[in-house]
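Me: I should like to learn how to read a ligand site and the backbone geometry of a protein model. Please take me through the features in turn.

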Amino acid sequence: MILQGKRILLIISGGIAAYKSLDLIRRLRERGASVRPVMTAGAQAFVTPLAVGALAADKVFTELFSREDEQDVGHIRLARDCDLILIAPATADLMAKMANGHADDLASTILLATDRPVLIAPAMNPKMWTHPATRRNHATLFSDGIHFVGPASGEMAESGEKGEGRMAEPLDIVAAVEALLDTGDKPLAGKKAIVTSGPTHEPIDPVRYIANRSSGKQGHAIATELARLGAAVTLVSGPVTIPDPKGVKTIHVERAEEMRDAVLANLPADIAVMVAAVADWRVASAAGNKIKKQPGEAPPPLILAENPDILKTIGHHAKRPKLVVGFAAETQNVAENGRSKLERKGADYIIANDVSPETGIMGGDRNRVKIIGKAGDEDWPDMDKQAVAEKIARLIASHFA
Ligand code: CTP
């Protein structure tokens, strides 16, 4: 059974779709999962805790300040003692609470206290789903790393209105649960990986710095995928605005020299994937105080010094990881420049991409890469960065098979 032994905390919030949660519980349990239900006050207006508890074969939790429940399990343990939190149906109101960090009932408190993956199956009237407030909350939750399934399009049960807002069907929700819990193989179990990601910031003075347009999306996605294949991953990230990936140890740094130190401190490792857009130069002597304009004087010159090349250091290190992968950000002669980086930096693969502004790759969600290996080149089609990450992780895993 594909979900054998998986513990799912199911939060049911108020909506007519709550009746489908009964079927959902049955489907999850059929696949071997245990389901621990939490119901909001609104949910209990649509289905009874008795019916939910009977199908789940577990106690139904409803109160934040229930002495009996708190002694029994407690909201912190409810939030942590599970493999996944599933919210089905998720109302617009519960999404708003989550997006803003409210904790005024049991469900919202659990959601604020958890460190587990959270999957949401929204269900609401199409006008509520497309309302700017819900759009905003959806974007916030998405960037907080919350996963979504649905909503689907169709006719609303209560009003007959058409549009997006119906809760996804129970079997589609089950499929999303399976994908997230990933019961798949772990070919990198027991392997240690170091990944760098994001830009570096090189200070000019305490308030100014040199930077680049890297978002960290590709590096973070690779760290996530290596972890999903079972590797113990340390991610050394420059300053980015995306969240730390789940299931990965993340070290935050600013400057190239700090990034190098963090990478070296984490050797030995089996795998190194250097995705960061490390600044090639730093300001030779950054000012300790803010540089002021001096009336009548010329602008201050910026004297640059070369930064350490982290990939090259790793590629030629006495403790060189078995597999070293670098990236090459190019705007011209992608193949030739990539191959010369492979040799110069001592890498096993260079993932080369064309970062000319018209490609939209730097900072964007999609990527088109050329894999340059010792045995030859391979062009991958345009894909989202997540898909590129999956393929790179699989390629890496094939070396340890
Ligand atoms: N890299 C690194 N340390 C640096 C510069 C680059 O570790 N100081 C790594 C990057 O993480 C990437 C690879 O080297 O994996 C190539 O980066 P790229 O910016 O394309 O190459 P550069 O060496 O900076 O060469 P150039 O700017 O001349 O193209």
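The dialogue below treats the domains, the ligand site and the backbone.

Reply: This is a predicted model, in which local features need pLDDT of at least 70 and side-chain atom pairs count only at pLDDT 80 or more, while totals for chains, interfaces and linings use all residues. Residues are numbered from 1 along each chain as its sequence is written, and side-chain values use heavy atoms, with hydrogens and water left out.

Me: Into which domains is the protein divided?

Reply: Domain bounds come from an automatic or database domain assignment. Here they give domain 1 (7–181) and domain 2 (192–400), with 38 Å between their centres, taken over C-alpha atoms.

Me: How many residues surround the ligand, and which are the closest?

Reply: A residue is near a molecule if one of its heavy atoms lies within 4 Å of it. The ligand has 14 residues around it, the closest being Met274, Ala276, Asp280, Lys341 and Lys345.

Me: Which element gives the largest share of the shell around the ligand?

Reply: Helices (H or I, at least four residues) and strands (E, at least two) are DSSP runs, numbered from the N terminus. Strand β16 gives the largest share of the shell, four residues.

Me: Which backbone atoms lie at short distances from oxygen atoms of the ligand?

Reply: A polar contact is a pair of N or O atoms within 3.5 Å. A backbone N or O atom of leucine 311 is 2.7 Å from a ligand oxygen; for a polar backbone atom of phenylalanine 327 the distance is 2.8 Å, and for a backbone N or O atom of alanine 329 it is 2.9 Å.

Me: Where are the cis peptide bonds of proline 89 and proline 151?

Reply: In general, most peptide bonds are trans. The bond from alanine 88 to proline 89 is cis, with omega near -5 degrees, and proline 89 lies in strand β3 (residues 84–90). The bond from glycine 150 to proline 151 is also cis, with omega near 5 degrees; proline 151 is in the loop between β5 (147–148) and β6 (152–155).

Me: What is the phi of alanine 57, and is the value positive or negative?

Reply: Most residues other than glycine have a negative phi. Alanine 57 has a positive phi, near 55 degrees, and is found in the loop between α2 (49–56) and α3 (67–72).

How values were computed: Polar contact = N/O pair within 3.5 Å; in protein donor to acceptor, adjacent residues only side chain to side chain.
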